[in-house]
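User: Could you take a close look at one part of this model for me? I would like to understand the strands at its start and the pocket.

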Amino acid sequence: MAATAAPKPAATPVQGVINRIIDGDSLTLQPEGKAPIEVRLRDMDAPEICQPHGLEAKKALEQLALGKTARLTVSARDSYGRSVGLVTVDGQSLSRQMVAEGHAWSTRGRYDRGPLMKEERMAIALRRGIHATQGAVMPRDFRKTNGPCK
């Protein structure tokens, strides 16, 4: 009989105050009495800070989150060592809000258009944020052409 793997335990959420916004999809969460955690928001990709709408995306995330108490559930680590996870403020996902308001795209998988595609389609239909004009370039395509921001 084959052994079955034990289910992976759910990540324990961390609560803290968002004390820094790095760009449109990265921030720092300060848990009480612990070291700050640099976080990359899950399920979305905001424009690079040096690409069109990058600063606007950062400002939008600042308005939604800076100085507010948040809850982080980590799901992974990225290649830069940041925690990747779901961050909620007042029970609302920051990723979902950023995509719905047109400040980011739903992350694309190899075989799908991402978990927040419904919100992205609505933002496109309503011409919000990055979708207000033609020619917005997804961050992954921008990085392929221009490299990382300096």
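Analyst: Happy to help; here is a walk through the strands and then the pocket. Please keep in mind that this is a predicted model.

Let's begin with β2, which covers residues 26–30. Four of its five residues are buried, so the strand is largely enclosed by the rest of the structure. One of its partners is β1, which pairs with β2 in the antiparallel sense over five bridges. Within that pairing, Ile18 has Leu29 of β2 as its bridge partner. The link between β1 and β2 is a hairpin that runs through two residues.

β2 also pairs with β3, again in the antiparallel sense, this time over four bridges. Here Thr28 stands opposite Glu38 in β3. These two strands form a hairpin as well, with six residues between them. Gly33 sits in that turn and has a positive phi of about 70 degrees.

Now for the pocket. The largest one has a volume of about 600 Å³, and its lining is made up of 25 residues. Nearest its centre lie Arg40, Asp78, Tyr80, Arg82 and Arg143. The elements that give two or more residues to this lining are β1 (14–23), β3 (37–41) and β4 (44–45). β3 provides the largest share, with three residues, so to speak linking the hairpin story to the pocket. By class, the lining has eleven charged, ten nonpolar and four polar residues.

Note on methods: Residues are numbered from 1 along each chain as its sequence is written. This is a predicted model: local features need pLDDT of at least 70, side-chain atom pairs count only at pLDDT 80 or more; totals for chains, interfaces and linings use all residues. Side-chain values use heavy atoms; hydrogens and water are left out. On a 1 Å grid over the protein atoms alone, a cavity is a set of points where a 1.4 Å probe fits but cannot get out, and a pocket is an open set with protein on both sides within 12 Å along at least five of seven lines; lining residues have an atom within 4 Å of a point. Grid points are joined across faces, edges and corners, and a volume is the space filled by probe spheres set on the points. Ala, Val, Leu, Ile, Met, Phe, Trp, Tyr, Cys and Pro count as nonpolar, Asp, Glu, Lys and Arg as charged, and the others, Gly among them, as polar. Buried means under 20% relative accessible area, exposed over 50%, partly exposed in between (1.4 Å probe, protein chains only). Two strands pair if DSSP finds at least two bridges between them.
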